[in-house]
Amino acid sequence: MNLTNNDIKDMTQSIKDGDIYNTVYNCRCCGSCVSTWPSGHRCSLSTLAQGVQINCRGLNGVIKNIKEGKIDFSSELADYVFRCVSCHVCVENCSEFVNPVDYIHDIRMQLVERGLVPDSIMEVFKSIDQNGNVWGEKEDKRVDWTTGLNVPLANEGAEFDYLLFVGDSSAYVPRNQKTAQLFVQILNKLGIRFAILGNEERSSGNEALKMGEAGLFEDLATTNMESFAKYKVKKIIALSPHGYDALKNEYPKLDQNFDIEVLHYTEFLAKLIEEGVLTFTKAVNETVTYHDPCYLGRHNQIYDQPRAILAAIPGLNLVEMDHNKAYSICCGGGGGGIWMQRGEGVVVEQLRYKEALETGVETLVIACPICMQMFEGENENNKTNPIEIKDIIELVFEAL
Amino acid sequence: MNQNIISEAAEVLRSKIGATKVLTDEFIRASYNHDISLYAYDYSIPGMIILPESVEDVQTIVEEANRLHIPVVAIGGNTFGNGNIESNQGIVVDFSKMNKILEIDESNMTFTVEGGANIHAVNETLHKMGYCYPTYPLCFGPITFGSEVSKNSGGEVGSMFGHVAKRVIGLEAVVGTGDVIVTGSSNTLKTSPNFIQSSLPDLTGVFISAEGAFGLITKVTMQMQVVPKYTAGADVKFEPTKEGFKAACEFVNELRNYKGLICNAHLLDCYSGWLDERFFTGSTDISAEVEEEALQRAGHIVLLEFEGYTSQEECDRKVTDALKIAESHSGVYTGTMMSDIFARAEHGDLKLTEIVYAGGFVGCMIMTNTPYEKMPELYAAWLKNVEELGLPKPYTSMIVAMGDDCCMPFYYPWHPRRELSEEAEWNATMEKWRELANRTYEDALETGSVPYAVSRKWKPYLLDKLDKGYLSYIQGVKKLFDPNNIFNPGVSVFEEAEHESN
């Protein structure tokens, strides 16, 4: 990545003209955003441990200095801001409602406009652009995971109540495909009328947006929303919290008439349990701990529904980690983190994985395909003492 | 600062302590050009940031800085409010990698940590063992023990425990020559092996409140205590008038004479009370129409917190006794909602940020130790200044009662900053905050308040007011500890002797 002088000048001017300058003045640099108290939020930038100021709090000073002409953008800064995993620890912690992640996002957008992003991130953008998914897989392989299963496609014409938005990670990543396969079996067992978009589905765009590619996000969202309109979709179940966040919070910003009820699958299943539609017949005699995905928890405040599902499963014993719910530590995969090289220092996924191991339970339960990939990755690095990782869907399926 | 000298020092330090510990990227240096002070004008970008990992690293840094006469500013959480870092073009020593807990000594009820150990992180560990470090700093998650001691902070439960100085057993510091000095006295802890200067005077105090001007604190041993098993709270309301505020101060003043009765007392004025109530109840209506009614409802509020070690009844008895005293001052018990929230914040199950800035955005923050009986006078002057400067309502002031013999007001004029969309408007408001700060410093001194810092804004007042003889001795000690005046040059009162001798 090489910044030209013109790039730097443009970006500097953009910072000077942009709203971000007013945002930084709301920040009083108290450091609450990267605080570790009382229950230990862990900022991904701070845990990389290059000093107490080298995080969103410090970026405040960087932006002010750009504004005042004392410094310019640099490739080092560009490399750095892509290490944020958009876990919203800073947003959760900020007492001044600054939303410090705005600094990161704003700078990322300007870098992306000029193609000045890390190579690994650029590859993801290319894949989305060419294939409609983040994994570099062919568009027409999106439905391969449904082979042998009864999974209706929206374009087949049958009526359905729910559109299942599968998402890239569940459609293409083998470990997550298994989860998706179990989920549709659950839906079929319960007699839920659903359909998927199949090859018409595109990446939700969440990752593109969080990595600063607003234009690409808009294209993806527009394509998906056209499909929703075409099939008169009224309700969506999202398998991934990342897709859920985009559909629920970002799509309505693009189309004010977007009027579709969006549920994460944990909300959907918890509701069925509450209504008595979903009941369990088998015991799952396991002691587990649950990891709150950032995009389900801090981004959308969904903490109770996953726990309600786990509580309803006979025989299951939940042991909470020290950091749970709003205080949860990130898996490290969000905001493009799953594709970024780690720097020196402690990384958040290792902190979280270690904490799960320290509970001494048999199983780490997640509700997000990205979390699954991140923690399975940690298991790869810990072959002597791995922990079993299951999606809530798998436990529900076992108990049916 | 001469860039060639900075470059030379960076090269030497990289070779001696390791390249990854010496950071010179422009954007990193720029991120270290300020603390939380709102009053400084002359922001500079430091020459380099260094992240030492051992006392030997710190020694090497100081030796090199001493050799080349490069200014050194040490930071912990970088939440200092007096702007020591802002004009520094030399070295910033960031202690965030020296954050280990070295020892928890249950037999002596002490713990020893590196200077960069985070207070809240250490408290988490202590809590798991049934202990705590009770002087919770009022603000800021990143705060460290080194900075806590350097600043002699107070904290939320200072009413019972006082300032940090009372809890420091000893410390290790690197002085301006690069020498390491270990202070402390085993008179207090006969079995502790850490402090061998038992027959000598204890120099610990030289480093307390010194803001890093005498040496860089690399290790500190503090007293800990048992976590109270039981807690109780009480909100006591007073009339939202000057007389009501005076009555509230008198109540707190009388209450603190009953040793062991209260753990903590916060006195919130009617504006703060209203804003906190609004925050905690989730109300978003701040229209002028509701203001007067809301202020009357809120009144001035004293939030009391009690701790018990034997039973809940012990706490409840304390509450009953305190409320009898409140009644004699026309205070009315209104429940536990707010005091309970404060107590929960201190005991760890509520986020810091949900409580500290409940009143809104911080414009101007002044910290003084003010005699209780003088608080109404200072408060009245404060209101007058706010009015004269045309600062917009709603604003709030929050006053935290502290210490056995003093109290410490925190002032928070509230302003919805996000509505200041124009830079010019922001700057104009900031000027007013600065002026408010200046006037409050003057007023504080008029009321016999004790300054709560040794640098920047306080410097001229201190040089004028402090005992010249005592100050000259302190300045002499500074010269001994830091002969080339490399620690915080141009900032603190301690270097005056150096200037005079020159």
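Trainee: Let's start with Leu203(B): is Leu203(B) buried or exposed?
Mentor: Keep in mind that this is a predicted model. Leu203(B) has 20 other C-beta atoms within 10 Å, and a residue counts as buried at 20 or more. So Leu203(B) is buried.

Trainee: Where in chain B does Leu203(B) sit?
Mentor: Look for strand E9 (180–182) and helix H7 (204–207) of chain B. Leu203(B) belongs to the loop between E9 and H7.

Trainee: Which residues does Leu203(B) touch, leaving out those up to four places away in sequence?
Mentor: One good hint is the backbone: the C-alpha atoms of Leu203(B) and Thr183(B) are 5.6 Å apart, although 20 residues separate them along the chain. Thr183(B) is one of the residues that Leu203(B) touches. The full answer is Ile181(B) and Thr183(B).

Trainee: Ile181(B) is in E9(B), right? Which residue stands opposite Ile181(B)?
Mentor: Yes, Ile181(B) is in E9(B). Strand E8 (residues 168–175) of chain B runs antiparallel to E9(B), with three bridges joining them. Opposite Ile181(B) you'll find Ala173(B).

Trainee: Which strands stand at the edges of the open sheet of five strands in chain B?
Mentor: Read the order, E5-E6-E10-E8-E9, with antiparallel pairing. An edge strand has a single partner strand, so one side of it is left without a neighbour in the sheet. That describes strand E5 (101–105) and E9 of chain B.

Trainee: And what is the average twist from one strand to the next in the sheet E5-E6-E10-E8-E9 of chain B?
Mentor: That sheet has antiparallel pairing. Going from one strand to the next, the twist averages 10°.

Trainee: What angle does the direction of H3(B) make with that of E8(B)?
Mentor: H3(B) packs on this sheet and touches E8, E9 and strand E10 (215–223) of chain B. Against the direction of E8(B), the direction of H3(B) makes an angle of about 45°.

Trainee: On to the open sheet of four strands in chain B: which are its edge strands?
Mentor: The order is E1-E2-E4-E3, with mixed pairing. Edge strands pair on one side only, and here they are strand E1 (22–23) and strand E3 (72–75) of chain B.

Trainee: What angle does H3(B) make with E4(B) in that sheet?
Mentor: Helix H3 (residues 55–68) of chain B packs on the sheet, where it touches E2, E3 and strand E4 (91–94) of chain B. Compared by direction, H3(B) and E4(B) make an angle of about 170°.

Trainee: Which residue in E2(B) stands opposite Leu23(B)?
Mentor: E1(B) pairs with strand E2 (residues 48–50) of chain B in the antiparallel sense, over two bridges. Across from Leu23(B), the residue in E2(B) is Ile49(B).

Trainee: Now helices. Why do H8(B) and H11(B) count as oblique to each other?
Mentor: Helix H8 (residues 242–255) and helix H11 (residues 312–328) of chain B have axes 9 Å apart and an angle of about 140°. Roughly antiparallel needs an angle over 145 degrees, and roughly perpendicular runs from 65 to 115. H8(B) and H11(B) are therefore oblique.

Trainee: How many nonpolar residues are in the contact of H8(B) with H11(B)?
Mentor: From H8(B) come Phe251(B), Glu254(B) and Leu255(B), and they meet Ala322(B), Ile325(B) and Ala326(B) in H11(B). By class, that contact has one charged residue and no polar ones, and the nonpolar residues number five.

Trainee: What about chain A: which residue in E4(A) stands opposite Lys235(A)?
Mentor: E3(A) and strand E4 (residues 261–264) of chain A pair in the parallel sense over four bridges. Facing Lys235(A) in E4(A) is Glu261(A).

Trainee: Which residue in E3(A) stands opposite Leu164(A)?
Mentor: Strand E1 (residues 162–165) and strand E3 (residues 235–238) of chain A pair over three bridges, again in the parallel sense. Opposite Leu164(A) is Ile237(A).

Trainee: Lys232(A) has a positive phi without being a glycine. Is Lys232(A) buried or exposed?
Mentor: Lys232(A) lies in the loop between helix H12 (214–230) and E3 of chain A. Lys232(A) has 10 other C-beta atoms within 10 Å, and 12 or fewer counts as exposed. So Lys232(A) is exposed.

Trainee: And Asn488(B), with its positive phi near 50°: buried or exposed?
Mentor: Asn488(B) lies in the loop between helix H17 (468–481) and helix H18 (496–501) of chain B. With 26 other C-beta atoms within 10 Å, Asn488(B) is buried.

Definitions and conventions: Residues numbered from 1 in each chain as written. Chains lettered and ligands numbered in written order. Predicted model: local features only at pLDDT ≥ 70, side-chain atom pairs only at ≥ 80, totals over all residues. Contact = placed C-beta atoms within 7 Å. Axes fitted to C-alpha atoms, helices over the stretch in contact; angles between N-to-C directions. Parallel < 35°, antiparallel > 145°, perpendicular 65-115°, else oblique. Nonpolar A, V, L, I, M, F, W, Y, C, P; charged D, E, K, R; others polar. Pairing = 2+ DSSP bridges.
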